[in-house]
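Colleague: Hello! Could we go through this protein together, step by step, with me asking and you explaining?

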Amino acid sequence: MPDLDDLLDIRTRRPAAIAAAASARRRPSSLFGPHGKLMIIAADHPARGALRAGDDPLAMANRVDLLDRLRTALSRPGVNGVLGTPDILEDLLLLGALDDKVVIGSMNRGGLAGTSFEIDDRFTAYDAPSIAAAGFEGGKMLLRIDPDDPGTVATLQSCGAAVSDLAAHRRMAMVEPFISHRVDGRVRNELTAEAMIRAMTVAAGLGTTSAYTWLKVPVVRDMERVMASTTLPALILGGEGEAAYAEWRKALDLPTVQGLVIGRSLLYPASGSVGDAVDRAVSLL
């Protein structure tokens with residue numbers, strides 16, 4: 001199995017090894033782990049220019065360190081998936097870290113954090129054919145609906161097309177919806193029950209079929225009412241600090257919630273090791 005020191009040589013002299021590694025990857029027999037849920041580690045933030053974790057604005061900027069953290073997280077019992085952009089997933093492929101894992105390719109990373117065009121979130125990474133060709137299990141898209149930004153409609157249309165394309169390949173279409181607004185020039189997601197219900201019902205209606213659509217949503221107040229707004233399966237995202245574990249535990253009791261998609265709070269825990277943070281999250285499933 002190649003190690004981190006071998007990546008540069010492979011990428012420089014044998015780029016075809018990436019496709020070969022994808023073809024040779026052992027795919028999971030099910031989307032679900034032994035706990036009956038999905039436990040996915042998210043690492044698609046850097047491609048959108050979002051490198052902060054905790055108080056460090058460039059925490060995710062060291063790629064070797066990030067890969068080391070990802071390999072640790074993916075090696076923990078009960079972790080059965082990863083979400084990332086091509087650069088990260090291909091590194092993990094070459095490192096032999098994706099066998100038997102549910103692999104979700106991140107699709108629209110064009111809405112770079114802090115830009116004037118952030119809501120017009122172009123599909124700059126994976127598309128459905130490349131996800132299917134790599135043998136991955138699905139694709140993920142971010143959908144931020146800003147009532148005051150005309151760029152929203154292009155993102156809506158692109159997400160709808162992506163949901164349809166993924167379904168045509170029988171791949172999961174993971175949609176992460178928010179109602180968003182600009183506050184002092186920065187995009188902020190409205191984390192209220194009412195806003196999430198609106199965003200989720202819009203996301204659920206995208207595409208020519210919802211057969212393969214899953215939702216990726218945050219924990220907000222009144223989650224029981226929020227999750228009652230759709231019959232689509234959902235995964236819980238994010239959260240920070242000690243309170244996040246209690247929030248995840250409570251949300252996992254809801255019938256449509258099928259697992260967790262957690263990134264920076266596990267990869268860069270405020271205290272303790274990556275392995276300890278991941279194990280604690282898995283114990284909630």
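Colleague: Let's start with the second largest pocket: by class, how many nonpolar, polar and charged residues are in its lining?

Modeller: Happy to help, and please keep in mind that this is a predicted model. The lining of the second largest pocket consists of V219, V220, R221, D222, M223, E224, E247, K250, A251 and L254. Valine, methionine, alanine and leucine count as nonpolar, while arginine, aspartate, glutamate and lysine count as charged. Sorted by class, that lining has five nonpolar, no polar and five charged residues.

Colleague: Which element gives the most to the lining of the second largest pocket?

Modeller: This pocket holds about 230 Å³ of space. Two elements give two or more residues to its lining, namely α8 (223-227) and α9 (242-252). The one that gives the most, with three residues, is α9.

Colleague: V220 is in that lining. Is V220 buried or exposed?

Modeller: Let's place V220 before we judge it: the residue is found in the loop between β7 and α8. Its relative accessibility is 9%, and the cut-off for buried is under 20%. Because 9% falls under that cut-off, V220 counts as buried.

Colleague: Leaving aside neighbours within four places in sequence, which residues is V220 in contact with?

Modeller: A look along the chain helps here. V220 and E190 are 30 residues apart along the chain, yet their C-alpha atoms are separated by 9.8 Å. With the neighbours within four places set aside, the contacts of V220 are L191, T192, A193, M196 and V226.

Colleague: D222 also lines the pocket. What is the phi of D222 near?

Modeller: D222 lies in the loop between β7 (213-217) and α8. At 41% relative accessibility, the residue counts as partly exposed. Its phi is positive although the residue is something other than glycine, and the value is near 65°.

Colleague: And D100, where does that residue lie?

Modeller: D100 is not a glycine either, and has a positive phi of about 65°. With a relative accessible area of 36%, D100 is partly exposed. Its place is the loop between α4 (86-94) and β3 (102-106).

Colleague: Now for helices. Is Q157 buried or exposed?

Modeller: Q157 lies in helix α6, which covers residues 151-168. From Q157 to R182 there are 25 residues in sequence and 21 Å in space, C-alpha to C-alpha. Exposed means over 50% relative accessible area, and Q157 has 63%, so the residue counts as exposed.

Colleague: How far apart in space are R71 and A61?

Modeller: R71 is found in helix α3, residues 63-75. At 21% relative accessibility, R71 counts as partly exposed. R71 and A61 are 10 residues apart in sequence, and their C-alpha to C-alpha distance in space is 16 Å.

Colleague: Which UniProt annotation covers residues 36-282?

Modeller: That span starts at G36, in the loop between α2 (16-24) and β1 (38-42). The end C-alpha atoms of residues 36-282 lie 11 Å apart, and the span is 35% helix and 21% strand. According to an unreviewed UniProt entry, the annotation covering these residues is "domain: Cgl0159-like".

Colleague: How far apart in space are G36 and G78?

Modeller: G36 itself is partly exposed, with a relative accessible area of 38%. The two glycines are 42 residues apart in sequence. From C-alpha to C-alpha, G36 and G78 are 9.7 Å apart in space.

Colleague: Stepping back to the whole protein, what radius of gyration does it have?

Modeller: The protein has 11 helices and nine strands. Along its principal axes, the C-alpha trace spans about 50 × 40 × 35 Å. With 285 residues, a compact globule would have a radius of gyration near 19 Å, and the protein agrees with that, at 18 Å.

Colleague: Among contacts between residues at least 6 apart in sequence, what percentage join residues at least 24 apart?

Modeller: As background, buried residues make up 53% of the 285 residues in the protein. Now take the contacts between residues at least 6 apart in sequence. The share of these that join residues at least 24 apart is 69%.

Note on methods. Residues numbered from 1 in each chain as written. Predicted model: local features only at pLDDT ≥ 70, side-chain atom pairs only at ≥ 80, totals over all residues. Heavy atoms only, no water. UniProt positions renumbered as here; feature names shortened; annotations may be inferred. Helix = DSSP H or I, 4+ residues; strand = E, 2+ residues; numbered from the N terminus. 1 Å grid on protein atoms, 1.4 Å probe; cavity = no way out; pocket = protein on both sides within 12 Å on 5 of 7 lines; lining within 4 Å. Points joined across faces, edges and corners; volume = space filled by probe spheres on them. Rg over C-alpha atoms; globule rule 2.2 N^0.38 Å. Buried < 20%, exposed > 50% of the residue type's maximum accessible area, 1.4 Å probe, protein only. Contact = heavy atoms within 4.5 Å.
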